[in-house]
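Here is a short briefing to read alongside the model. Have the structure open in your viewer, and let's walk through it topic by topic.

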Amino acid sequence: MQITDKTAKEIFNDVMANPQRVPFGFGNKAVLVNVDPQKAYTRTDLFKTAYETDPKQLEYTNQLARGFREKGWPVVWTHVAFLDSAEDAGVWGTRTDTPDSLQNIKYDSERAEFDERCEIDRSRDVIYTKRMPSAFFETPLQSLLVWHQVDTVIITGGSTSGCIRATAVESLSRGYRTIVPMECVSDKHESYHYANLTDLHLKYADVLPVAEVLAWLDGNG
């Protein structure tokens, strides 16, 4: 095991400045999967479970969503919510039981609501409620991707170390080129955020500046 005094952010910047892998690259058609941009995780003024990395994260996400809609490509938004009994949280909901606990994000609660800054077109965008980290797990996402014949999954949201990572790993496992725009994901702590971006970029996804993703989107016919 390598030992270093560098911070997780410094290691990430080193990896990005010195590419060690051939990128997966973009395919021909993509889906935008916006993972859990709900108040429990975005409204730092309301909930202590919320976090922010780039203040313009949701602005970039909305920009991507507009570009996808212009092409007729699918835009997906997920959020987490559980029954009052929390039985659908399973063992994941057993470690703590406070008002801030995961399993206490209830259906129709403020914590489950999407952030008001999210520009969701409810007439055409796809909304899934999920209960586990990956946006694929027990949602119809795979069927949607097959129907739209996409080969590339672009992931935004949070947290980088949790649901973003889980969704990205499963996306690759299902055979999709996977892209993570770095300004469009966030986490509670800088160390978790950058350590997981590094690991994702080296193994499972292309972590790219959002400007590069937008440029590909604009130039892809």
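Over residues 31–211, the chain is 31% helix and 18% strand, and the C-alpha atoms at the two ends of this stretch are 17 Å apart. UniProt, in an unreviewed entry, places the feature "domain: Isochorismatase-like" at these residues, 31–211. Please keep in mind that this is a predicted model.

**Nonpolar cores**

- The largest nonpolar core has 28 residues, and the members that touch the most others are V33, V76, L141, L145 and L197.
- Helices and strands that each give two or more residues to this core are α1 (8–17), β1 (30–35), β3 (126–130), α4 (141–148), β4 (152–158), α5 (160–173) and α6 (190–203).
- A second core, separate from the largest, counts 22 residues, with Y60, L64, W77 and F114 among them.
- If you would like one residue to centre your view on, try L145: apart from its neighbours within four places in sequence, L145 is in contact with V31, F136, V150, V153 and Y176.

**The cavity**

- You will find 1 cavity of 30 Å³ or more in the structure, and the largest cavity holds about 50 Å³ of space.
- Its lining is made up of V35, D36, P37, Y41, T42, Y51, Q57, L58, G157, G158 and S186.
- Two or more lining residues come from each of α2 (39–42), α3 (57–71) and β4.
- By class, the lining of the largest cavity has 5 nonpolar, 5 polar and 1 charged residues.

**The pocket**

- The largest pocket offers about 600 Å³ of space.
- It is lined by 23 residues, of which Y41, W92, D100, S101 and L102 are the closest to its centre.
- Sorted by class, that lining divides into 7 nonpolar, 10 polar and 6 charged residues.
- Y41 is worth selecting in your viewer, since this residue appears in the lining of the largest cavity and also among the residues closest to the centre of the largest pocket.

**A tryptophan to look at**

- Is W147 buried or exposed? With a relative accessible area of 70%, W147 is exposed, because exposed means over 50%.
- W147 lies in helix α4, and α4 is one of the elements that give two or more residues to the largest core.
- Between the C-alpha atoms of W147 and L46 there is a separation of 38 Å, with the two residues 101 apart along the chain.

Definitions and conventions: Residues numbered from 1 in each chain as written. Predicted model: local features only at pLDDT ≥ 70, side-chain atom pairs only at ≥ 80, totals over all residues. Heavy atoms only, no water. UniProt positions renumbered as here; feature names shortened; annotations may be inferred. Helix = DSSP H or I, 4+ residues; strand = E, 2+ residues; numbered from the N terminus. Core = buried A, V, L, I, M, F, W, Y, C linked by side-chain atoms within 4.5 Å. Buried < 20%, exposed > 50% of the residue type's maximum accessible area, 1.4 Å probe, protein only. Contact = heavy atoms within 4.5 Å. 1 Å grid on protein atoms, 1.4 Å probe; cavity = no way out; pocket = protein on both sides within 12 Å on 5 of 7 lines; lining within 4 Å. Points joined across faces, edges and corners; volume = space filled by probe spheres on them. Nonpolar A, V, L, I, M, F, W, Y, C, P; charged D, E, K, R; others polar.
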